[in-house]
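Q: Please take a close look at one part of the surface here, and then walk me outward from that part to the rest of the chain. I'd like the reasoning as well as the values.

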Amino acid sequence: MKATFNKSEIMRSAWSNFKRSNGTKTFAECLKSAWMFAKLQARMSGYTERANREYMKGVSVHSAKSTVYDHSWAAKAYETEKAIRGNGVYWGD
């Protein structure tokens with residue numbers, strides 16, 4: 001599949017780089033680097049999409065086990081505090 005490039009964005013990037021270079025680079029050099037960067041981005045997005053597809057093949061949505069938490073300790077702690085302090089009245093620690 002052939003990649004399509006946003007030429008306006010590439011020209012904008014080249015012009016921005018040219019203005020920032022303060023005359024140390026020619027516009028042609030900035031344009032060349034902008035194109036190289038755009039092509040690199042296109043290649044990397046292909047790699048990441050492919051990697052995501054490969055990762056998702058190995059991950060099943062239903063494979064994760066649900067976790068059951070035991071909160072009985074909280075009830076026991078509350079009952080203990082209630083017994084010590086008297087019917088759950090706040091004593092202002």
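A: Phe-37, Leu-40, Met-44 and Tyr-47 together make a nonpolar surface patch of about 400 Å². Keep in mind, as you look at it, that this is a predicted model. A good residue to start from is Leu-40, which lies in helix α2, the element spanning residues 27-58. Leu-40 has a relative accessibility of 37% and therefore counts as partly exposed. That value fits its place in the patch, because a patch member needs over 30% relative accessible area. It also stays under the exposed class, because that class begins over 50%.

For the wider setting, the accessible surface of the chain comes to about 8600 Å², and carbon and sulfur atoms account for 59% of it. The chain has 93 residues, of which 6% count as buried. Its fold is simple to list: there are three helices and zero strands, and the order from the N terminus is α-α-α.

Now step back along the sequence to the loop between α1 and α2, where you will find Asn-22. This residue is not a glycine, yet its phi is positive, near 55 degrees. The positive phi comes just after α1. Is Asn-22 buried or exposed? With 67% relative accessibility, Asn-22 counts as exposed, because the value is over 50%.

That brings us to helix α1 itself. Its 14 residues reach 20 Å from the first C-alpha to the last, close to the 20 Å expected at 1.5 Å a residue. Helix α1 covers residues 7-20 and holds both Glu-9 and Arg-12. These two form a salt bridge, with 2.9 Å between the closest N and O atoms. The pair qualifies because 2.9 Å falls within the 4 Å cut-off. In general, side chains of opposite charge can pair when their charged atoms come close. Here the spacing along the helix is easy to follow: Arg-12 and Glu-9 are three residues apart, so about one helical turn separates them. Glu-9, at 40% relative accessibility, counts as partly exposed. A search of the whole structure finds one salt bridge.

So, to come back to your starting point: the patch of about 400 Å² includes Leu-40, a residue of helix α2, while the Arg-12 and Glu-9 pair sits in helix α1, and Asn-22 is in the loop between α1 and α2.

Note on methods. Residues are numbered from 1 along each chain as its sequence is written. This is a predicted model: local features need pLDDT of at least 70, side-chain atom pairs count only at pLDDT 80 or more; totals for chains, interfaces and linings use all residues. Side-chain values use heavy atoms; hydrogens and water are left out. Helices (H or I, at least four residues) and strands (E, at least two) are DSSP runs, numbered from the N terminus. Buried means under 20% relative accessible area, exposed over 50%, partly exposed in between (1.4 Å probe, protein chains only). Accessible areas come from the Shrake-Rupley method with a 1.4 Å probe; for residues, only the protein chains shown count as cover. Patches are made of residues with over 30% relative accessible area and no salt bridge: like charges are joined within 9 Å, nonpolar side chains (Val, Leu, Ile, Met, Phe, Trp, Tyr) within 5 Å. A salt bridge is a side-chain nitrogen of Lys or Arg within 4 Å of a carboxyl oxygen of Asp or Glu. The expected span of a helix is 1.5 Å times one less than its number of residues.
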